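Here is a short set of exercises with worked solutions. Try each task before reading on.

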Amino acid sequence: MALPVDRVLVEAFEQQLNPLNVTASGIPARMLGFGEISCILELDDMPGVVLKRMPLFHTRAQAEDYLEKYRTYCSLLIAAGLSLPADDALIVQRDPQLFVLYFLQEKLAPYTIGNRQLDHLDDPGVQQLVEALIEAIEKVWAFNARQRRYRLAIDAQLSNWAWQAPQERLLYIDTSTPLFRIDGEEQLQPELLLASAPGFARAIIRTLFLAEVMNRYYDPRAVYIDLVANLYKEQHAARIPLFVHCINARTHQGLSEREIANYYRKDKFIWSLFLAMRKLDRWLHRYVYGKQYQFILPERIRR
Ligand SMILES: Nc1ncnc2c1ncn2[C@@H]1O[C@H](COP(=O)(O)OP(=O)(O)O)[C@@H](O)[C@H]1O
Ligand SMILES: [Mg+2]
C-alpha cells in the first residue's frame with residue numbers, strides 16, 4: 001500500500017516549523033508521541049500519515065546514508081518474518097547546515113499501540129498480545145541464528161508495536177533507529193544518536209551508557225527484561241507477573257520480578273539524565289548561545 005505523501009506540504013511545514021512550539025506552526029500539526037530520540041507528528045492536511053522528524057544531518061549525503069540503512073533494516077526485519085506498517089521517507093533541507101530526515105508511516109489507531117492496549121485488555125487479552133510479541137521477538141533471534149552476515153537488534157518495548165487484536169496482527173513500528181550489524185560491523189553510527197545530546201554531555205554518555213544501550217537490543221535476555229521493566233514507566237506494573245509468566249513459559253529466560261525491578265531503577269536514571277541534559281542544552285541555546293535549538297522535547301515523562 002502506497003502512502004498518500006504530500007512532499008510540498010512536508011517541505012513547507014519544515015521551513016516554518018518552530019521546534020520550541022510545534023502547534024503554533026502556520027501549518028496545523030499535532031504531536032502524537034515522543035520516543036527517546038524522535039518526535040511523532042501528524043499534519044491536519046495529511047491525515048492518516050504520521051511523520052517522524054530526525055533533525056540530525058549536516059549534509060544530504062549523511063541523511064541519504066541513514067535512509068539507506070533504514071531501508072536495509074526494514075527489509076531484514078521483513079525477511080525475519082515481522083510485519084511493518086506502510087512507510088515512506090523524505091529529506092528536507094532546512095538550512096545550509098541542516099538536513100532533516102522525515103520517516104512517514106501509515107497512522108495506526110492510537111488504541112492499537114501496545115502500551116495503550118494495556119488500558120483496556122483483560123488478562124486473557126494481554127496474554128494473547130504477549131504471546132504474539134514473544135513469537136515476533138523470537139523470529140528476530142531465529143533470523144540472527146540462521147545466517148552469518150546480519151545481526152538484527154530490536155527494541156521490543158510495548159510502545160513500539162501496534163496490535164490489531166481481531167486479526168491477531170502485530171506490527172513493529174519503531175524502525176527509525178536502524179540498529180543492526182553486517183559482518184560484525186555496527187551500521188548505526190552512535191555519534192548520530194549523540195547528536196541529539198548536548199556537546200558537554202556527550203563524553204559522559206559515550207563512556208557510561210552508549211555501549212550498554214546499544215548492545216542490550218541484540219541480547220535476547222536483555223530485550224525481554226527491557227520490555228517487562230518498561231511496564232513500570234507505562235504505569236502498568238500490575239501486569240509484570242503475567243508478562244514474566246508468559247515469557248518464562250515460552251522461552252528459557254527464567255526471568256525474575258526482582259531483576260526487572262533492579263533493571264528499571266538503573267534505566268530510569270539513564271533516560272531521566274539524558275532528558276535533563278537535553279533540556280539544559282535547549283536552555284543554553286536559547287539564552288546563552290543565541291542559536292535555534294532543533295529538537296522537539298517532551299515537557300515531562302512520567303516514570
Ligand atoms: N505509525 C504510527 N501510528 C500511530 N502512532 C504512532 C505511529 N508510530 C509511532 N506512533 C506513536 O509514537 C510513539 C513513538 O514512536 P516510535 O516510532 O516508537 O519512536 P521512537 O523511536 O522515538 O521511540 C509510539 O509509541 C506511538 O505512540
Ligand atoms: Mg519507540
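The exercises below go from a sheet to a helix and then to two domains, in a predicted model.

**Exercise 1. Work out the order of the strands in the open sheet, and find which strands stand at the edges.**

Solution.
- Step 1: Take the order. The open sheet has five strands, arranged 1-2-3-5-4 with antiparallel pairing.
- Step 2: Look at the ends. Strand 1 (29–34) and strand 4 each have a single partner strand, so one side of each lacks a neighbour in the sheet.
- Step 3: Add the twist. From one strand to the next it averages 30°.

**Exercise 2. Trace how strand 1 and strand 4 are joined to their partners.**

Solution.
- Step 1: Begin with strand 1. Five bridges join strand 1 to strand 2 (residues 39–43), and the two run antiparallel. One bridge pairs Met31 with Leu41 of strand 2.
- Step 2: Go to strand 4 (residues 87–95). Eight bridges tie strand 4 to strand 5 (residues 98–106), again an antiparallel pair.
- Step 3: Find the turn. Strand 4 and strand 5 make a hairpin, with two residues between them. Asp95 has Leu98 in strand 5 as its bridge partner.

**Exercise 3. Identify the strands that helix 1 touches.**

Solution.
- Step 1: Locate helix 1. It covers residues 7–16 and packs on the sheet.
- Step 2: List the contacts. Helix 1 touches strand 1, strand 2, strand 3 (49–57), strand 4 and strand 5.
- Step 3: Check the direction. Helix 1 makes about 40° with strand 4.

**Exercise 4. Decide where the buried residues of helix 2 lie around its axis.**

Solution.
- Step 1: Check the length. Helix 2 (residues 60–80) has 21 residues and reaches 30 Å from its first C-alpha to its last, close to the 30 Å expected.
- Step 2: List the buried residues. They are Ala63, Tyr66, Tyr70, Tyr73, Leu76, Leu77 and Ala80.
- Step 3: Place them. They cover an arc of only 145° around the axis, which puts them on the same side of helix 2.
- Step 4: Turn to the other side. There, Arg60, Ala61, Glu68, Ser75 and Ile78 are exposed.
- Step 5: Step past the end. Just after helix 2, Gly81 has a positive phi of about 115°.

**Exercise 5. Find which element of domain 1 gives the most to the side that touches domain 2.**

Solution.
- Step 1: Set the bounds. The domain assignment gives domain 1 (7–106) and domain 2 (110–289).
- Step 2: Count the contacts. In domain 1, 22 residues are in contact with 24 residues of domain 2.
- Step 3: Name the elements. Strand 3, helix 2 and strand 5 each give two or more residues to this side of domain 1.
- Step 4: Pick one. Helix 2 gives the most, with eight residues.

How values were computed. Residues numbered from 1 in each chain as written. Chains lettered and ligands numbered in written order. Predicted model: local features only at pLDDT ≥ 70, side-chain atom pairs only at ≥ 80, totals over all residues. Pairing = 2+ DSSP bridges. Helix = DSSP H or I, 4+ residues; strand = E, 2+ residues; numbered from the N terminus. Expected span 1.5 Å × (residues − 1). Buried ≥ 20, exposed ≤ 12 C-beta atoms within 10 Å, placed from the backbone. Arc of directions from axis to C-beta. Axes fitted to C-alpha atoms, helices over the stretch in contact; angles between N-to-C directions. Contact = placed C-beta atoms within 7 Å. Domains from an automatic or database assignment.
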